[in-house]
Each structure stands twice: as structure tokens, then as C-alpha cells.
4 protein chains.
Amino acid sequence: MNQKIAILCSGGDVSGMNPALKRFVEYAYARNLQPYFVRNGYEGLIDNHIVPADYHDVAGIITRGGTKIGSARSLRFKEASYRAVAAENLRSHGIDRLIVLGGDGSFRGMERFYHETGIAFCGIPSTIDNDINGTDYCLGVDTALGVIKDAIDQIRDTASSFHRAFVIETMGRDCGYLTLISAITSGAELCLIPELPVDIDDFKGCFQSQIAKGRDYFIAVVSEALDSKKVAEWFEKELGFESRVSVLGHIQRGGNPSVYDRLMAFKFVTYAIDALLEGKNHSIICYNKSHFNFKTIDEVALHPYRLDEELLNLAREQFLPTRCQM
Amino acid sequence: MNQKIAILCSGGDVSGMNPALKRFVEYAYARNLQPYFVRNGYEGLIDNHIVPADYHDVAGIITRGGTKIGSARSLRFKEASYRAVAAENLRSHGIDRLIVLGGDGSFRGMERFYHETGIAFCGIPSTIDNDINGTDYCLGVDTALGVIKDAIDQIRDTASSFHRAFVIETMGRDCGYLTLISAITSGAELCLIPELPVDIDDFKGCFQSQIAKGRDYFIAVVSEALDSKKVAEWFEKELGFESRVSVLGHIQRGGNPSVYDRLMAFKFVTYAIDALLEGKNHSIICYNKSHFNFKTIDEVALHPYRLDEELLNLAREQFLPTRCQM
Amino acid sequence: MNQKIAILCSGGDVSGMNPALKRFVEYAYARNLQPYFVRNGYEGLIDNHIVPADYHDVAGIITRGGTKIGSARSLRFKEASYRAVAAENLRSHGIDRLIVLGGDGSFRGMERFYHETGIAFCGIPSTIDNDINGTDYCLGVDTALGVIKDAIDQIRDTASSFHRAFVIETMGRDCGYLTLISAITSGAELCLIPELPVDIDDFKGCFQSQIAKGRDYFIAVVSEALDSKKVAEWFEKELGFESRVSVLGHIQRGGNPSVYDRLMAFKFVTYAIDALLEGKNHSIICYNKSHFNFKTIDEVALHPYRLDEELLNLAREQFLPTRCQM
Amino acid sequence: MNQKIAILCSGGDVSGMNPALKRFVEYAYARNLQPYFVRNGYEGLIDNHIVPADYHDVAGIITRGGTKIGSARSLRFKEASYRAVAAENLRSHGIDRLIVLGGDGSFRGMERFYHETGIAFCGIPSTIDNDINGTDYCLGVDTALGVIKDAIDQIRDTASSFHRAFVIETMGRDCGYLTLISAITSGAELCLIPELPVDIDDFKGCFQSQIAKGRDYFIAVVSEALDSKKVAEWFEKELGFESRVSVLGHIQRGGNPSVYDRLMAFKFVTYAIDALLEGKNHSIICYNKSHFNFKTIDEVALHPYRLDEELLNLAREQFLPTRCQM
């Protein structure tokens with residue numbers, strides 16, 4: 001009789017989860033495993049929303065953002081009694097391996113579950129914030145960046161027509177990755193992230209000089225951890241520039257998965273299944289310097305995420321007030 | 001010697017202005033007129049930012065949102081003394097005809113200008129709000145609707161993955177056109193516009209019934225004239241649904257002009273130039289029932305815009321609480 | 001007991017069929033009808049692939065091109081014996097009304113079916129070619145035009161970088177509508193359609209003059225009914241311009257339905273169902289001058305489609321050799 | 001007096017060149033260099049189309065495919081006499097450093113030029129084919145993959161509606177990279193590339209079995225080096241499936257540069273300028289395992305490009321007839 005394997009999505013959804021589900025079903029069959037879907041993350045484990053999956057379930061989903069099987073945060077899974085129920089449910093289906101798409105919090109819960117129950121898992125880092133320590137890439141980041149790029153390209157149209165300063169607030173929680181890459185790749189004049197504290201007043205002279213030479217709009221990209229409204233007010237007060245805040249919000253989570261996210265989903269899932277079959281029982285698959293490897297939860301979650309130094313150097317060179325080009 | 005004609009953009013920019021500029025230059029030459037650009041609306045008239053335009057100036061702009069020549073609102077143009085300066089500037093270039101892309105406020109100012117100076121104009125209704133009385137279509141609406149559609153499609157991805165209610169606030173000022181069309185074409189569950197007052201509590205029973213049958217997310221599209229935050233709170237309190245507000249904001253103004261806006265820009269400008277050459281000296285070109293015609297400012301601006309009755313009927317049939325399908 | 005109504009797609013698929021299916025299910029329920037899907041056009045009628053449809057079947061399909069229920073051409077339906085089988089199948093489900101998305105050939109078959117069986121139908125013109133006489137608009141056209149626009153925008157990038165002539169072949173069979181609108185809205189230098197015969201050599205002098213003044217690429221948009229290869233050779237031989245043919249092909253059929261096609265699908269289906277309920281038993285719903293009306297098959301199919309005169313005038317004014325601007 | 005540096009594009013244009021030009025101008029100024037543009041590749045060197053570049057020249061180009069300064073192939077540059085003219089032109093402007101965006105052929109020419117003239121260069125691998133040995137990534141690849149993905153997503157809509165086999169021919173010359181990644185990320189059923197020779201007849205049994213189980217369309221992605229027409233005929237003859245060939249053609253070269261290409265352009269140019277200032281006089285900047293490094297022309301061009309082994313393994317596992325899932 002076939003061995004069984006299940007997949008679930010935990011925490012915030014990202015674009016790339018659906019391609020991962022498709023690959024999961026196909027590769028499970030290729031490796032002679034019966035694939036299962038768990039609906040709505042750990043909630044589905046507890047409530048026994050666990051169903052066999054077929055090719056038919058994943059037809060056409062590669063083009064869609066979000067996740068077909070739902071995602072959720074689960075308070076109940078933090079309690080041992082509910083985890084026992086979850087284990088019981090999995091055993092009743094004969095499932096002893098799980099792929100978990102989520103963040104480090106989700107993996108931490110899974111690690112505890114593994115030690116309590118022996119049910120193996122492999123975690124696939126999935127968050128548009130790209131703020132998981134130990135991996136260079138988290139599923140969903142590239143699609144989110146593409147959505148942000150499109151939005152800023154559109155806002156630039158109107159900014160440049162109307163001589164305004166636009167302050168664009170991007171997601172990322174405490175991590176400036178999305179903000180910084182978006183600022184670089186959209187040619188923003190100003191980028192404010194927690195990792196690169198600046199005194200905005202230090203830009204005043206440079207921006208005034210740019211205005212004197214003909215600059216008639218500004219694009220500022222600002223992390224949601226900072227105060228975008230204050231930045232807009234600064235443009236109004238200090239530079240006399242009509243300004244607007246644009247909070248990109250939840251469009252950043254969705255969208256047709258990019259080629260890169262589809263490819264990463266394909267590889268993450270392939271190697272995660274391989275790892276489980278090879279006996280790696282509780283690991284996170286990480287991507288470092290174009291290479292996949294497997295880390296323990298402590299390697300991933302003990303330390304907070306930090307922007308890589310190369311990127312920070314580019315940020316410093318481009319977005320510190322001292323580098324502002326007159 | 002060639003006669004001369006100028007174009008300017010006034011008020012909020014829209015996607016479709018650049019295709020209009022391209023057509024303006026080409027068709028002016030085709031009709032043996034020397035085309036001129038006026039920068040930044042009426043401000044440019046006053047400040048004499050009026051320059052001859054060439055094919056070269058419009059190469060490649062057909063794909064870009066916003067307007068290459070800038071747009072602006074002008075307080076000064078409301079004063080007779082500044083209008084006199086503007087007229088003097090135009091005469092110094094030998095320009096006695098103007099195409100104005102803008103809204104009814106802009107046309108009203110131009111009408112006064114015409115009576116004072118004899119300088120002829122033709123107004124092309126241009127606003128994403130589609131709230132100009134007397135024309136079925138305003139330049140920029142279709143592109144804005146496309147941007148909103150893409151945004152809601154993306155938000156739906158995440159809403160359906162995460163079992164949330166999303167309240168999406170769209171532009172349109174007091175006019176529900178953008179909101180209503182967006183709600184219909186994105187398959188929203190709820191649409192709130194000023195023209196169709198409802199008591200949101202009347203949806204409660206129907207939505208509860210839908211939830212009981214398995215509905216696990218809601219998309220509500222709400223006019224900026226209404227209180228989207230309150231709607232989100234209603235979903236939380238009354239239905240126990242986690243909810244988020246997404247204010248689409250200025251992305252709605254931008255974007256690569258749609259085929260429809262490019263085509264309408266082409267036609268609006270062609271017929272506007274024809275009209276000026278035929279001696280229509282102060283008119284607004286309107287589009288009604290697939291037909292272009294020319295109206296006076298009073299026909300356009302005396303009455304406020306009203307949603308057409310066919311659309312309102314569809315709205316009533318689809319989005320009144322009594323029509324909510326359980 | 002509820003009355004029943006079915007929908008099917010016949011002939012080439014278009015983007016907009018899925019939004020039509022969604023509206024069909026919702027509005028059928030709103031009108032107290034039980035909706036059915038027929039798979040793969042008339043083939044499904046004959047093979048009794050007729051199934052009740054539910055909200056669940058149309059969730060999320062509004063964003064997808066093509067048609068969820070399949071489309072097909074059917075040779076068998078031309079034979080009376082198979083039509084008798086089809087009628088028997090429909091009666092066995094208690095269905096006596098049909099919505100047919102297709103072209104005039106499909107409607108002609110349906111008309112015969114109606115007279116033989118009394119089963120009522122309403123046809124919704126659906127073809128990207130926009131070549132159905134009697135209606136200004138066919139479902140799918142706007143999305144197809146958007147796909148073509150995006151493709152030409154992309155090709156222009158490389159054409160202008162590399163100093164080439166690009167000859168872009170578009171769909172439309174004998175009808176130049178897609179080609180002409182695409183040429184106008186993409187700012188093409190040359191447009192060749194069956195409705196506007198020209199001698200391409202008459203452009204030579206004008207194009208040479210443009211090249212002398214600095215023009216370094218050409219975009220030509222050519223109907224599939226004409227010989228795009230020959231046009232490319234002409235650029236090579238007569239103008240010494242390296243040239244390429246790009247046959248856009250089947251990408252033109254697909255893509256996320258545009259706002260306009262979603263809205264037209266919504267209206268077409270709503271009014272088609274209304275018409276059937278009001279006793280219009282064998283009609284085609286047409287759209288003329290922003291107004292929906294119902295025509296007989298003879299009004300629609302007796303005469304071949306002709307480009308409307310306004311459009312032809314724009315074409316003549318823009319794309320005749322005598323109008324070429326040096 | 002400032003030192004001077006020039007940039008040119010050689011060979012096929014790619015999306016990402018414009019962001020590279022923008023970064024080139026900005027970073028040259030940041031490093032206190034006067035930037036120059038050379039138009040139309042080596043042709044512009046020979047014809048002295050070499051002009052100083054300013055911020056103004058690169059405003060807004062980050063969103064556009066192709067290259068603003070033109071690209072070209074140059075036969076003349078293969079002759080020593082013309083190279084001498086090119087050197088003379090550069091010296092007349094005081095330029096002794098060049099950034100070259102192009103392929104290995106272009107770099108080979110530049111290497112000869114360097115040895116003859118001492119004019120330093122740094123080559124940035126730029127080709128959508130991704131077929132340059134020595135670097136994991138060439139500028140333009142990600143945008144091209146995105147365009148292909150969108151096209152295949154659209155074709156899938158119609159394929160699945162109409163029960164057809166679509167054979168999609170992608171660029172890449174002899175290199176299967178574009179084809180393979182596109183096949184993986186679009187969920188194709190068949191992928192044919194030069195690097196993975198198969199006997200297509202070996203798929204027959206598997207595909208027949210899939211059809212028997214309900215599969216009603218096929219997507220095959222095929223390298224331009226192979227015979228896509230023959231593949232389509234095979235589907236018709238052997239499987240009785242109506243089939244179509246779609247040659248994607250030059251749309252693959254264009255399009256709004258992706259985030260990844262914008263970022264890579266930013267980094268490539270930054271580090272290339274750094275390298276020239278540090279005295280690396282004739283090198284190619286390569287990207288390997290997330291790390292930038294500099295190689296000689298022989299390291300890059302002596303050996304033909306080969307698909308990396310990890311990718312080939314995925315290809316074998318997914319697209320060999322023996323892996324076909326029934």
C-alpha cells in the first residue's frame with residue numbers, strides 16, 4: 001500500500017502556493033505517494049479537513065494567486081490537546097509526513113508537533129515579507145515585487161503629470177526588503193526602511209536643488225513600519241510640494257504567480273518531498289546562494305532576519321542623504 | 001502661412017491624454033495646422049509655456065498613462081487679469097484655437113475666456129470619474145476600470161485564501177459609476193454607491209445564510225464618498241468576519257491606456273479639430289449612444305451628472321438587499 | 001416546479017464566455033429558473049452532456065479566458081437525426097430554453113432546431129472577429145484587442161531598438177476590424193485590410209521621405225486574409241529595411257476578460273434571459289448604438305458583415321497612401 | 001577634469017537595457033564620471049554617434065523594453081580599419097572606458113579592440129537566450145520568460161476550451177533554457193529541447209491513457225531549433241487531436257522590464273563601473289551562485305553554453321517519456 005503525504009498552508013497566503021500545490025500532487029504521484037490536502041492550515045488538521053488530492057484538483061491553478069486550500073492562523077494549535085487531536089486525525093488517514101508552507105512561527109509549532117508525535121515535516125518558507133532568517137528567498141516575494149512595481153509605474157504616470165510627491169507605503173512588517181527592492185527598481189527618489197535610519201531633513205537641500213533644476217515630482221517608497229503620513233507632510237511643509245500617500249495594501253499579496261515563484265515552488269516542493277523520503281524528519285528547506293539546503297528550526301528562527309550586506313550597501317550608496325545627487 | 005492650434009490638459013490627469021496628444025499632432029499636420037503644446041493647463045497659458053509640437057514629441061507616448069505636457073488646476077485663471085495675460089500669450093504665437101482635455105469646471109473657465117477673447121475652444125471630457133453630464137463617456141474611464149479590475153482580482157486571491165471580507169474603496173467623488181461597474185464586473189457581493197442608498201443591516205440575514213452554506217469571503221466595493229471603514233467594522237461585528245479596507249487610491253489614475261481609451265482619444269481629437277475648423281467656436285464634444293455630438297457648456301454643466309437609468313436598474317436588480325441571493 | 005434553462009458555447013471560444021456563464025447561473029436563480037450547462041456546444045446536446053449548474057461551478061471563473069464548459073464545432077448537428085436526439089435529451093431534462101454563445105453559423109443551426117422542436121433560444125454574438133452583421137459588438141472583441149495591443153507594444157520596443165520593420169498579422173478572417181482598430185490604437189505606420197485595398201508601392205515615396213527624416217522602424221498591421229510575408233519582403237526590397245513577420249495567432253483568443261467584455265457578458269445574458277421569459281423564442285440579441293435589441297436570424301445572417309462607415313472613413317483618412325505624412 | 005565613460009548595446013536587444021542605461025547615468029555621476037551614450041552598437045562607435053548623457057535622457061525609461069540608444073550588429077567592426085576609426089572617435093571625446101551590453105560575440109570583438117587600442121571595457125551578458133557560458137544569468141531572461149508565461153496562460157485558455165493540442169515555439173536558438181523553464185512553469189505536458197533528445201512516439205501510450213481518463217488538451221513547448229510543425233502533425237496523426245502551432249516570435253524580446261531584470265541591470269552596471277575604476281580593463285561581469293565575478297573572454301566564450309545539471313535533472317524527471325504520468 002502507498003505511503004501518504006499531506007500539504008498545508010499556514011499564516012499569510014502568498015502567490016506561489018497554488019503552483020506548489022500542483023507540483024505537490026504531481027510529484028507525490030511520481031514518487032508513488034498518495035497526496036492529501038489539509039484545508040485552512042492547522043485549523044484543518046484539528047478539524048480533520050484532510051482530503052485526498054488528485055490531478056483534477058490542481059488543473060489550471062498554476063495561474064492563480066493565493067491558495068486553493070486556504071490558509072489560516074491557528075490559536076488552538078498552540079495547545080497540546082488540540083495538537084493531539086490533529087495527530088489523531090492524520091494517523092486516521094495513515095499520513096505521517098507533512099509539507100508546510102508558512103513562516104517561522106508556523107515551523108516552530110510544527111517542530112513541537114514533530115517531537116510530540118513523530119510526524120515528520122518539511123517547511124517551505126513562504127511570505128512576501130522575505131523576513132525569514134536562514135534563507136535568501138521566501139516563496140511569493142517576486143510576485144509581490146511585481147505587483148508593487150506595476151502600482152508604482154502607474155502612480156509615476158500621474159505623479160509626473162501633476163507635479164506631486166507620492167509616498168508609497170509597502171508591506172514587509174519590520175523588514176525593509178520589499179520596500180528597498182521596490183525603491184531601487186522603480187527609480188524612486190526616496191526610500192525609507194527600518195534598517196537604514198536617516199534624518200529626512202538631510203534631504204531637503206538636495207531636493208530643493210533638484211527642484212530648482214526642474215524636478216517636478218517625487219516618488220518615495222516607505223516601509224509600513226514607518227510613518228508614511230509624516231513623510232507626505234514633510235514634502236508639503238518643507239518643499240511646498242502637494243503630496244499624497246498611497247498605501248498599497250493587500251493587492252501586494254495576490255496576482256498571477258511570476259515565473260520565478262512558479263519555478264521556486266516547483267523546486268521547493270520537489271526537494272522537500274525528496275528530503276522527507278530520505279529521512280529528513282523535521283527541517284526547513286532554505287535557498288542560499290542558488291543552492292537548496294535543509295536547516296533546523298533553530299537555525300532559521302533563533303535569530304531575526306537581517307537584510308544581506310550587499311543589498312544594504314547598495315541601499316546606503318543610493319538612498320543615504322549624503323549620496324543624494326543634486 | 002499655416003493656422004495654429006494648441007492643446008492643454010486641465011484638472012486631474014487621466015490615462016488616454018497621451019494618445020490624444022499623439023493624435024493631436026498628427027491630425028493637426030494632416031489638416032495643415034501647426035500644433036502647439038501648452039504645459040500644465042491654464043497655468044501654462046498664463047506663464048507662456050506654449051511650444052510648437054512635432055512628431056518627435058509624441059513618439060512612443062501612446063503606451064503611457066498620465067500626460068506628457070502636464071496638467072494642473074489653476075486658481076489664477078479665475079481672475080480676469082490673468083486670463084488677459086493668457087490671451088495675449090496665445091495671440092503672440094498666432095494661436096486662436098484650443099483643445100482642452102478636462103472636466104466641466106475647466107470648460108466653464110474656457111467658455112468665459114472665449115467670450116472675452118474670441119479664442120475658440122473645443123472641450124474633450126476627461127475624467128476617470130465619468131461624472132460629466134451630457135456625455136456617456138469621459139476619456140480615461142476604461143483604463144481606470146481596468147486597473148481597478150486587476151486590483152480586485154488580486155485582492156480576491158487573498159480574500160478567498162484567508163476567509164476575509166475585503167472592503168475596496170474606489171474613486172469617483174460623488175459619482176458611483178466606477179464603483180458600480182467595478183462591482184458588477186468583479187463579481188462583488190456588495191456594492192455601495194451614493195445613488196443607491198441601502199441599509200447595510202438588511203444584508204445581514206442573506207449573508208449569514210450564505211456563510212452557513214459555505215461562503216468564506218466577501219468582496220465589497222464602496223464609493224469614496226461613503227464610509228468604507230464603517231463597512232469593514234460591520235463585517236467584523238455583525239458577521240464575525242475578519243475584514244480589511246483597501247483604498248485603491250492613485251493607481252486608478254495611471255496605467256498603459258486601454259484600447260478603448262486610445263480609440264476614444266483618437267476620435268475625440270479628430271472630431272474636435274474638425275469642429276473647430278468648421279466654425280464651432282465654443283463647444284464640448286460629447287459621446288452619446290455611439291455618436292459624437294457637440295454641446296454648449298450649459299448643456300453639459302448646468303445639470304449634475306446622473307447615472308443612466310439602465311445601469312441603475314442593473315444595480316438595483318443586483319445589489320439591493322431584497323435581491324441578495326441566499 | 002422550476003422552469004429550466006440551459007447555456008452552451010458554439011464555435012471559436014472567446015474571452016468573456018466565463019463571465020457570461022457566471023451571470024447566467026446567478027440571473028437564472030434570480031429569475032427562479034434552474035440553470036443547466038451543456039458541454040462542448042451542440043456535441044454536448046447530442047451526447048447528453050447536460051448538467052445542472054450551481055453557484056459553486058462559477059466561483060472565480062470571471063477572471064479566466066476561454067469557456068469552462070468547452071466549445072466545439074459540430075458536424076453532426078447539421079443532420080436532422082442528431083438534432084432529434086439533441087431535442088430528446090433536452091426534453092428529458094425538462095429544458096425548453098437555450099442561450100447560445102456563438103457566431104451566425106451557430107445561430108442558423110439553432111433556428112432550424114427551433115422550428116423543428118419548438119425549443120426556444122436566444123443567441124449572443126460571440127467572436128473576436130467582430131464580423132457578425134447586425135450587431136456593433138460581439139463578445140470577446142475588446143479582450144482580443146487588448147491582447148493584440150500588449151503584443152504590439154512589446155514588439156515596438158524591439159523594433160525601435162533594432163531599426164526594423166515589423167509586420168504583425170492579426171486574426172479576423174475576412175474582416176479587418178481587429179486589424180484596423182489595432183493599427184489605429186497602436187500607432188502603426190501601415191494598416192492593410194481587405195476592406196481598404198491599396199497598392200503598397202504607393203507608400204514608397206512617403207516612407208523613403210520619413211526614413212530620410214530619421215524614421216528608423218515601421219510597424220505594419222496586416223489582416224490574416226492578406227499576405228503578410230509579401231509585405232515584409234516589400235520592406236526589405238523596396239526600402240532596404242530588415243523586416244520580420246509576427247503572426248500573433250492564438251494568444252488573441254485568450255486572456256483575463258476585460259472590464260468591457262465582463263460588462264457586456266453581464267448585460268447580454270441578463271437581457272437574453274429576460275427576452276426568453278417574455279416569449280421571444282428565436283432571436284439574436286444585438287447591440288447597436290449603445291442599445292440592446294433582438295433580431296431574427298435573417299436580419300443577422302443574410303447579409304455579410306461590413307465595417308461601419310465612420311470607421312472606414314477614419315481608416316481612409318489615416319491609412320491611404322495619399323494621407324501618408326512625409 | 002572628469003573622466004569619461006560610455007555605454008553601448010550590441011546584438012539583439014533585451015528588456016533590461018533601459019534600466020541599465022538609467023543606472024549607468026546615475027552611477028557614473030555618483031562616481032564622478034561623465035557618462036556618454038553610443039548609438040546603435042559598434043556602428044555608432046564607427047560613425048561617431050557618441051553623445052554625453054544626462055539624467056534627463058533616462059527619465060521614465062525604466063519601464064520600457066528594448067533600448068533607447070538602439071542596438072545593432074556590425075560587420076564593419078570586424079575590420080581593423082573601422083575599429084581604428086572607432087578608437088579615434090572615442091579618443092576625440094576623451095573616453096577610455098566602455099560598458100558593453102551584448103553577447104559573447106560582441107565581447108570577443110571588444111577584446112580585440114582592447115588589445116589594439118587599450119580602451120578598457122566591461123561586458124554585461126545580455127540575451128534572452130541565456131546561452132552565454134560562464135554566467136548563470138543574462139540580462140533580459142526573466143522578462144522574456146514572463147512574456148512567454150503570459151502568452152502560454154492565454155493559449156491554455158483557448159486550448160482547454162476547444163480540446164486542442166497547442167505546440168508553442170519559443171526562442172533560445174540552440175539553447176533550451178527559455179523553453180524548459182517555460183514548460184515547467186506553465187505546466188506543459190510536453191517539452192522538447194535540443195539538450196534532451198526524445199523519441200516523441202514514446203509518449204503515445206501515456207498520452208492515450210491520459211485522453212482515456214479525460215485529458216482534453218495538450219500544451220507542448222518546443223525550442224525554435226526543433227521542428228514544431230512536425231510535433232503538431234504528430235498530435236493530429238497519432239492522437240487524433242486537432243492541433244495548432246503558435247510561434248511566439250518577437251513579443252518575447254519586449255515588455256516592461258521585470259523587477260528581477262531591473263535589479264540585475266542595477267547591479268550589473270554598478271559593479272561593472274566599479275570594476276573599470278579598479279583597473280579591470282577587459283572583463284565580463286558574470287553572475288554565479290548569487291555572486292558577481294569577473295571573467296576573461298576565454299572563460300566565457302571558449303566553451304559553448306550548457307544547461308546546468310540541476311535543471312537538466314528536473315527536465316529529465318519531468319519530461320522524459322518514462323516519467324510521463326498516466
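**Notebook: chain contacts and helix α7**

I started with the pairing of chains D and A, which bury about 3,500 Å² between them, with 54% of that on carbon and sulfur atoms. Note to self: this is a predicted model. I then looked up who gives up the most on the chain D side: Thr185(D), Val259(D) and Gln325(D) lose the most area to chain A, together 17% of what that side buries. The contact draws on 39 residues from chain D and 39 residues from chain A.

Next I checked charges there. I get six salt bridges between chain D and chain A. One that I looked at joins Glu310(D) to Lys267(A), with the closest N and O atoms 3.5 Å apart.

For chain B against chain A, I found about 2,300 Å² buried, and carbon and sulfur atoms give 52% of it. Here 30 residues of chain B touch 30 residues of chain A. How many salt bridges does the rule find across the interface of chain B and chain A? I got zero.

**Helix α7 in chain D**

Thr185(D) had come up already, as one of the residues losing the most area to chain A, and it is also among the buried residues of α7(D). So I went through the whole helix, residues 177–185: nine of the nine are buried, so the rest of the structure largely encloses it. The buried set includes Tyr177(D), Leu178(D), Ile181(D) and Ile184(D).

What do the buried residues of α7(D) pack against? From chain A I noted α10 (259–277), and from chain D itself α6 (141–162), β7 (165–170), β8 (190–192), β9 (218–223) and α12 (309–319). After the helix comes Gly187(D), with a positive phi near 65 degrees.

**Helix α7 in chain B**

I looked at α7 in chain B as well, this time for its crossing with α10 (residues 259–277) of chain C. The two axes come within 9 Å and cross at roughly 75 degrees. I therefore put α7(B) and α10(C) down as roughly perpendicular to each other. From α7(B), Ile181(B), Ile184(B) and Thr185(B) meet Val259(C), Arg262(C), Leu263(C) and Phe266(C) of α10(C). I sorted the residues of this contact into five nonpolar, one polar and one charged.

**A buried arginine**

Last entry: Arg83(B), which sits in helix α4 (residues 80–93) of chain B. Is Arg83(B) buried or exposed? I have it as buried, because its relative accessibility is 4%, against a cut-off of under 20%. Leaving out residues up to four places away in sequence, I listed its contacts as Phe77(B), Lys78(B), Arg112(B), Phe113(B) and Glu116(B).

Note on methods
Residues numbered from 1 in each chain as written. Chains lettered and ligands numbered in written order. Predicted model: local features only at pLDDT ≥ 70, side-chain atom pairs only at ≥ 80, totals over all residues. Heavy atoms only, no water. Helix = DSSP H or I, 4+ residues; strand = E, 2+ residues; numbered from the N terminus. Buried < 20%, exposed > 50% of the residue type's maximum accessible area, 1.4 Å probe, protein only. Contact = heavy atoms within 4.5 Å. Axes fitted to C-alpha atoms, helices over the stretch in contact; angles between N-to-C directions. Parallel < 35°, antiparallel > 145°, perpendicular 65-115°, else oblique. Nonpolar A, V, L, I, M, F, W, Y, C, P; charged D, E, K, R; others polar. Buried area = accessible area lost by both parts, 1.4 Å probe. Salt bridge = Lys/Arg side-chain N within 4 Å of Asp/Glu carboxyl O.
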